[in-house]
Number of protein chains: 2
Amino acid sequence: MSEFAKPTLDDVARAAGVSTATVSRCLNAPDLVITATRERVMQAVETLGYTPDFGGRALASRRTNTVGAIIPTMDNAIFARGLQSFQQALSRFGKTLLVASSGYSPAREREQIEVMASRGVDGMLLIGSARPEASVEFLRRRGIPFLGAWNLGGEDGYFVGFDNRAAAAGLTEAVLALGHRRLAMIAGITYMNDRAADRMEGVRMAAEQAGIGADQLPVIEAAYTFEDGARAFGELMALSPRPTAVLCGNDVLAVGALQKARELGLRVPEDVSITGFDDIDLAGVVDPKLTTVRVPHNRMGEAAAEMLIRLISKQPVERRIEIPTEIIERGTLGPPPADPAV
Amino acid sequence: MSEFAKPTLDDVARAAGVSTATVSRCLNAPDLVITATRERVMQAVETLGYTPDFGGRALASRRTNTVGAIIPTMDNAIFARGLQSFQQALSRFGKTLLVASSGYSPAREREQIEVMASRGVDGMLLIGSARPEASVEFLRRRGIPFLGAWNLGGEDGYFVGFDNRAAAAGLTEAVLALGHRRLAMIAGITYMNDRAADRMEGVRMAAEQAGIGADQLPVIEAAYTFEDGARAFGELMALSPRPTAVLCGNDVLAVGALQKARELGLRVPEDVSITGFDDIDLAGVVDPKLTTVRVPHNRMGEAAAEMLIRLISKQPVERRIEIPTEIIERGTLGPPPADPAV
DNA sequence: CAATCCAATGTAAGCGCTTACACTGGTTTT
DNA sequence: AAAACCAGTGTAAGCGCTTACATTGGATTG
């Protein structure tokens with residue numbers, strides 16, 4: 001073995017004076033090997049700096065102990081946090097995580113699914129449930145277990161997430177309870193994004209329930225940036241009559257709205273109320289602090305890991321695990337102005 | 001092939017009536033195959049839903065087209081942003097990214113390095129340069145090209161990053177130029193973190209240069225949370241004489257400090273100036289907006305990808321690429337109070 | 001028209017590993 | 001004391017792929 005060659009099982013076997021089978025057993029089922037032998041082998045492993053070749057191992061054992069996760073983007077605190085917990089939980093089970101991002105594109109997600117399948121992942125974590133049937137079909141054909149996270153999905157499939165619709169409805173009810181009647185919403189882009197769509201629907205449902213029809217509830221969809229949130233808020237404030245409460249599909253939009261409100265000289269919540277969704281760090285930092293919905297990403301990541309492991313090892317699992325959300329009341333929601341501006 | 005079995009090269013070959021070699025060539029070097037054959041093969045690939053097995057491919061070709069990145073944590077906007085660009089650039093070269101996190105622990109980083117090596121990554125991206133020699137030695141022995149990012153490293157190795165020390169010194173000079181003399185610093189934890197250490201040193205250097213010795217420059221190290229930043233700021237404000245400017249090792253600490261300042265009834269920057277570092281989104285959202293140092297993570301991610309690709313394909317490369325930083329003047333830095341409180 | 005060449009394809013040898021099965025020799029059982 | 005057993009180890013057959021080399025037959029050359 002040259003200085004730069006990667007040592008193989010064979011090298012170790014030769015160095016320890018045993019067969020490759022024994023070395024393999026030392027690594028995978030140490031109990032089968034007598035202590036003296038094992039120590040000799042481990043010594044050889046150590047001095048040679050041997051690490052098993054993943055490809056060879058995967059090929060021979062038809063297992064990879066790898067699970068894949070495809071998220072819309074890494075550049076978003078929401079997914080980052082959940083994924084971090086997911087990974088930690090996974091590693092407790094000896095699995096490693098492969099992460100890829102789809103950039104919110106179903107086509108790119110499909111590509112990544114194939115990449116992961118090629119790599120022989122034992123299971124897969126996807127976000128939400130809005131995707132072409134073909135992607136799902138592919139996974140099923142291959143017999144790769146997978147689950148959706150961050151929401152609760154539809155008819156079939158496995159899910160661990162929260163009920164975005166119910167949470168949004170709950171928050172809306174809280175707003176209504178304060179006496180607001182002229183609501184508006186800045187929603188995230190709903191195309192192929194069930195979280196955003198569900199939140200929008202939740203707000204609409206609750207409004208409807210209170211006798212506020214869709215025609216009286218202006219909704220603007222905006223991309224996930226402060227600027228887009230600010231712009232949408234500007235448009236909403238130009239409306240007449242002006243809304244007294246603006247429900248935002250996520251905290252980033254809400255913070256953008258908040259900035260715009262300051263720019264427009266509107267006091268929050270005296271002149272206009274604003275709510276967010278997700279309770280990212282940001283929410284506690286702006287002034288006033290954001291009233292929002294807390295989504296326990298850590299718990300979700302862990303629950304997802306556990307569920308996927310069970311799915312992979314064919315243990316019985318519940319079809320969906322709901323993670324409860326919670327309204328966090330801080331400073332941006334108050335009663336409507338007594339004499340609302342027109 | 002049963003409904004649930006993964007189709008192999010052999011299945012495709014049989015279906016298309018060619019040899020496995022031809023199928024392989026269709027996938028890897030299509031030019032070598034005549035169009036008619038290729039179309040027949042591709043058709044078979046399509047109908048069978050074939051995706052090449054990564055393990056088999058890696059084993060046979062001794063290439064993986066995979067590069068690894070080990071970052072301290074995913075749950076940090078700074079790394080997320082750079083990594084996103086890194087990945088995008090990489091995928092333009094047909095490489096896929098494997099991400100792992102070390103949780104700021106050198107031991108865990110070492111483990112992950114071995115995992116990546118096992119998986120046969122063609123190259124590796126690490127953060128910074130502070131790590132046990134053994135980790136570096138391992139990589140070298142294995143002949144795996146790697147580079148450090150986010151800083152500029154030491155004597156040897158490849159780096160693409162910024163000069164944290166110089167940037168911190170530059171910002172400190174700007175603070176001094178406004179007339180501040182009673183400086184203090186809230187640094188990130190410097191243990192095994194050269195970025196934090198360099199920033200601290202930069203501040204100290206510039207202060208020294210202005211005749212302010214280390215004994216006149218209180219420094220507190222704080223973990224990467226708002227709370228820790230706030231706590232440290234509280235301690236600093238209890239000092240007598242009270243600092244008129246607090247330089248923070250990153251934006252998160254600065255925002256924590258800012259909150260604490262408000263809590264203490266101190267006006268920023270009238271009573272005390274605060275500066276950050278990194279220019280994360282947050283910096284533009286707090287009130288007043290943070291004066292900080294912008295670090296172009298996108299450019300860095302791309303430059304890192306390019307450099308690593310060159311390293312892998314043994315093309316000539318520069319040993320270090322410096323990404324310039326920029327001071328972003330916003331609202332938290334002003335002249336010291338005329339009659340500073342004691 | 002034989003010799004040569006070359007493009008298109010096939011043949012088959014591994015890549016590094018796991019694991020079913022075979023073997024060995026001591027211990028227990030009958 | 002022979003039979004049965006078993007713990008510890010070895011032998012060797014692939015896993016799915018790539019690729020050096022061999023083969024084929026039509027086009028080009030002298």
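What rotation superposes chain A on chain B? In this predicted model, a rotation of 180 degrees, with 0.1 Å of shift along its axis, places chain A on chain B with an RMSD of 0.1 Å. The two copies are thus related as by a two-fold rotation axis. The C-alpha of A:Gly55 is the one in chain A nearest the axis, at 2.0 Å. Of the interface residues of chain A, 100% are also interface residues in chain B, so the copies meet through the same surface.

**The two DNA strands**

DNA strand D is surrounded by 26 residues, and the closest are A:Thr22, A:Thr37, A:Arg62, B:Leu9 and B:Tyr50. Both protein chains therefore appear in this list of closest residues, because A:Thr22 belongs to chain A and B:Leu9 to chain B. Of the atoms of strand D within 4 Å of the protein, 67% are sugar or phosphate atoms, and the rest belong to bases.

Around DNA strand C there are also 26 residues. Those that come nearest are A:Leu9, A:Tyr50, B:Thr22, B:Thr37 and B:Arg62. Sugar and phosphate make up 66% of the atoms of strand C that come within 4 Å of the protein.

The table lists some of the polar contacts between protein and DNA.

| Protein residue and atom | DNA strand and atom | Distance |
|---|---|---|
| A:Leu59, backbone N or O | D, base oxygen | 3.4 Å |
| B:Tyr50, side-chain N or O | D, phosphate oxygen | 2.4 Å |
| B:Gly56, backbone N or O | D, base nitrogen | 3.1 Å |
| A:Ser24, side-chain N or O | C, phosphate oxygen | 2.7 Å |
| B:Arg25, side-chain N or O | C, base nitrogen | 2.8 Å |
| B:Thr37, polar side-chain atom | C, phosphate oxygen | 2.4 Å |

Which elements give two or more residues to the surface near strand C? They are α2 and α4 of chain A together with α2 and α4 of chain B. For strand D, the elements that do so are α2 (20-28) and α4 (54-61) of chain A, along with α2 (20-28) and α4 (54-61) of chain B. The largest share near strand D, five residues, comes from α4(B), while the largest share near strand C, five residues, comes from α4(A).

By class, the surface near strand D has twelve nonpolar, nine polar and five charged residues. The surface near strand C divides into twelve nonpolar, nine polar and five charged residues.

**Backbone features**

Most residues other than glycine have a negative phi, and most peptide bonds are trans. Some places in this model depart from that pattern. The peptide bond joining A:Val268 and A:Pro269 is cis, with omega about 5 degrees. A:Pro269 sits in the loop between α11 (251-263) and β9 (273-275) of chain A. In chain B, the bond from B:Asp287 to B:Pro288 is cis, and its omega is near -5 degrees. B:Pro288 is in the loop between β9 (273-275) and β10 (292-294) of that chain.

A:Lys314 is not a glycine, yet its phi is positive, at about 55 degrees. A:Lys314 is in the loop between α12 (297-312) and β11 (320-322) of chain A, and counts as exposed because its relative accessibility of 74% is over 50%. B:Tyr104, also not a glycine, has a positive phi near 65 degrees. The loop between β2 (96-101) and α6 (106-118) of chain B holds B:Tyr104, which is partly exposed at 38% relative accessible area.

**Cysteines**

Over all chains the structure holds zero disulfides. A:Cys26 is buried, since its relative accessible area of 1% is under 20%. B:Cys248 is buried too, with a relative accessible area of 4%.

Methods: Residues numbered from 1 in each chain as written. Predicted model: local features only at pLDDT ≥ 70, side-chain atom pairs only at ≥ 80, totals over all residues. Heavy atoms only, no water. Disulfide = S-S within 2.5 Å. Buried < 20%, exposed > 50% of the residue type's maximum accessible area, 1.4 Å probe, protein only. Least-squares fit on C-alpha atoms with pLDDT ≥ 70 in both. Contact = heavy atoms within 4.5 Å. Near = heavy atom within 4 Å. Polar contact = N/O pair within 3.5 Å; in protein donor to acceptor, adjacent residues only side chain to side chain. Helix = DSSP H or I, 4+ residues; strand = E, 2+ residues; numbered from the N terminus. Nonpolar A, V, L, I, M, F, W, Y, C, P; charged D, E, K, R; others polar.
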